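Here are my notes on the model you sent over, point by point. Have the viewer open while you read, since I hop around the chain a bit.

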Amino acid sequence: MATARVPAPRTPGRYRVGVVCLGNICRSPMAHVVLEQQVADAGLAHRVEVVSSGTAGWHVGKPMDHRAAATLTAAGYDATRHRARQLEAGWFDDLDLVLVMDRSNETDVVALAEQRDDPETAAHVRMFRDFDPADPGGEVPDPYYGGDEGFTEVLRMVERTSTALVEALGDALAGSAGP
Ligand code: 4NP
């Protein structure tokens, strides 16, 4: 299956991706850590920046959920650096692509994007799993109120989707001049 395309970067040769969930302690931190690692493994760390945030501010400043961290650590990732942040409308000025985990996040993020003067802003918001090569177009289910297996499922989705995303980011950057 052909990889879905990402919007062209605003600044040629550089790309900023924001991953967004509700609390920024489970799904988007896992996506952040995995995507950042895969970007580095692809030799794109100097061109692609990844940030994550939640639509809600309940956990701002806190490390990720201990079950998310344990799942990442067991798979060999560094889960220690994350601190939760809340998405602000001003972030849209710098983000080339905003990837939301579920439809509820999408509703909240599009509402925030529509506060901007720039009518193009909402066009940069996409579902994270639009890039899932195995089963595109769905949601990343919220594991917060469930068991450990929910975190394992999120990791599997996030790993295979990040692989496809890194390929799409590489294509977008190859098509734009840069440093
Ligand atoms: P996340 O999961 O959106 O994947 O970070 C949640 C984390 C916290 C809450 C809900 C979902 N909460 O209600 O505090």
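1. Let me begin at a helix end. Just after α2, G76 takes a positive phi of about 95°. Keep in mind throughout that this is a predicted model. The other end of α2 has something to look at too: a side-chain oxygen of D65 comes to within 2.8 Å of the backbone nitrogen of R67. R67 is also one of the buried residues of α2, the others being A68, A69, T71 and L72. And what do the buried residues of α2 pack against? Their partners are α1 and α4.

2. On to α1, which spans residues 27–41. Its 15 residues reach 21 Å from first C-alpha to last, close to the 21 Å expected at 1.5 Å a residue. The helix is mostly covered, with 11 of the 15 residues buried. Going along it, the buried ones are R27, S28, P29, M30, A31, H32, V33, V34, L35, Q38 and V39. As a reminder, an α-helix has 3.6 residues a turn, so residues three or four places apart point the same way.

3. Which elements cover the buried residues of α1? The cover includes two strands, β1 (15–21) and β2 (48–54), along with the helices α2 (66–74), α3 (103–113) and α4 (148–174). As with α2, a glycine with positive phi comes after the helix: G43 follows α1, with phi near 75°.

4. G150 is worth a click while you have α4 on screen, as that helix is where G150 sits. G150 has a relative accessible area of 17%, so it counts as buried. M30, one of the buried residues of α1, is 120 residues away from G150 along the chain, and their C-alpha atoms are 12 Å apart.

5. Now the ligand. Around it you'll find C21, L22, G23, N24, I25, C26, R27, W58, H59, D142, Y144 and Y145. By class, that shell has 7 nonpolar, 3 polar and 2 charged residues. For polar pairs, look at the ligand's oxygen atoms. A polar side-chain atom of R27 is 2.8 Å from a ligand oxygen, and a polar backbone atom of C26 is 2.9 Å from a ligand oxygen. Y145 contributes a polar side-chain atom at 3.1 Å from an oxygen of the ligand. The protein covers 92% of the 350 Å² of accessible area that the ligand has on its own.

6. N24 is the residue I'd pause on. It lies in the loop between β1 and α1 and is one of the residues around the ligand. Its phi is near 55°, positive although N24 is not a glycine. Is N24 buried or exposed? Its relative accessibility is 0%, so N24 counts as buried.

7. N24 also leads straight to S52, a residue of strand β2. The side chain of S52 makes polar contacts with the side chain of N24 (3.0 Å) and with the side chain of H32 (3.0 Å). With a relative accessible area of 3%, S52 is buried. Leaving out neighbours within four places in sequence, the contacts of S52 are V19, N24, S28, P29, H32, H82, R85 and W91. Among these, S28, P29 and H32 are buried residues of α1.

8. T55 is in the loop between β2 and α2. Its relative accessible area is 19%; the cut-off for buried is under 20%, so T55 is called buried. I'd read that label with the number beside it. Setting aside neighbours within four places in sequence, T55 is in contact with V20, C21, L22, Q86, N105, D108 and V109. Of these, C21 and L22 are also around the ligand.

9. Last stop: D96, in the loop between α2 and β3 (97–100). D96 is buried, at 3% relative accessible area. What does D96 touch? Not counting residues up to four places away in sequence, it touches P7, A8, P9, R10, R14, Y15, R16 and H124. One contact here is polar: a polar side-chain atom of D96 lies 2.7 Å from the backbone nitrogen of R10. As for A8, it is 88 residues from D96 along the chain, with a C-alpha separation of 7.5 Å.

Note on methods
Residues numbered from 1 in each chain as written. Predicted model: local features only at pLDDT ≥ 70, side-chain atom pairs only at ≥ 80, totals over all residues. Heavy atoms only, no water. Near = heavy atom within 4 Å. Polar contact = N/O pair within 3.5 Å; in protein donor to acceptor, adjacent residues only side chain to side chain. Areas by Shrake-Rupley, 256 points an atom, 1.4 Å probe, with all protein chains shown as cover. Nonpolar A, V, L, I, M, F, W, Y, C, P; charged D, E, K, R; others polar. Helix = DSSP H or I, 4+ residues; strand = E, 2+ residues; numbered from the N terminus. Expected span 1.5 Å × (residues − 1). Buried < 20%, exposed > 50% of the residue type's maximum accessible area, 1.4 Å probe, protein only. Contact = heavy atoms within 4.5 Å.
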